[in-house]
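Work through the exercises below with the model open. Try each task before reading its solution.

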Amino acid sequence: MRDPIEERLQDLERLVLKQAERIDALEDALAVMHRTAARAFLTNLKKPESDAA
């Protein structure tokens, strides 16, 4: 039988690795959202100039 403390430590290590993967995925999604928002903002800034012309 394995040591219950060792098993728990391995469970926690797996959990930490999963959380790190989730954080990476969230950071990637936020970067995409930031680029999209910046592009939309710049597009909206340009629209009134073309409407006035």
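## Exercise 1: The negative patch

Task: determine which residues form the negative surface patch, and classify Glu21 as buried or exposed.

Solution. Glu21, Asp24, Glu27 and Asp28 form a negative patch on the surface of this predicted model. Asp and Glu count as negative, so these four side chains carry like charges. Next, place Glu21: this residue lies in helix H1. Its relative accessibility is 56%. The cut-off for exposed is over 50%. Glu21 is therefore exposed.

## Exercise 2: The salt bridge

Task: find the partner of Arg14 in a salt bridge, and give the distance between the closest N and O atoms.

Solution. Start with the count: the protein has 1 salt bridge. Arg14 pairs with Asp11, and the closest N and O atoms are 2.4 Å apart. A salt bridge needs a distance within 4 Å, so the pair qualifies. Now locate both ends. Arg14 and Asp11 sit in helix H1, 3 residues apart, which is about one turn of the helix. Then check exposure. Arg14 has 47% relative accessibility, and Asp11 has 36%. Partly exposed covers the range between under 20% and over 50%. Arg14 is therefore partly exposed, and so is Asp11.

## Exercise 3: The nonpolar patch

Task: list the residues of the nonpolar surface patch and state their accessible area together.

Solution. The patch consists of Ile5, Leu9, Leu12 and Leu15. Together they offer about 370 Å² of accessible area. Take Leu12 as the test case. Leu12 belongs to helix H1, residues 4-52. Its relative accessible area is 33%. Patch members need over 30%, so Leu12 passes that cut-off. Leu12 still counts as partly exposed.

## Exercise 4: The whole protein

Task: what are the secondary structure, the buried share and the accessible surface of the protein?

Solution. First, secondary structure: 1 helix and 0 strands. Second, burial: 0% of the 53 residues are buried. Third, surface: the accessible total is about 5200 Å², with 62% belonging to carbon and sulfur atoms.

Notes: Residues numbered from 1 in each chain as written. Predicted model: local features only at pLDDT ≥ 70, side-chain atom pairs only at ≥ 80, totals over all residues. Heavy atoms only, no water. Patch = residues over 30% accessible without salt bridge, like charges linked within 9 Å, V, L, I, M, F, W, Y side chains within 5 Å. Areas by Shrake-Rupley, 256 points an atom, 1.4 Å probe, with all protein chains shown as cover. Helix = DSSP H or I, 4+ residues; strand = E, 2+ residues; numbered from the N terminus. Buried < 20%, exposed > 50% of the residue type's maximum accessible area, 1.4 Å probe, protein only. Charge placed at Lys NZ, Arg CZ, Asp CG, Glu CD.
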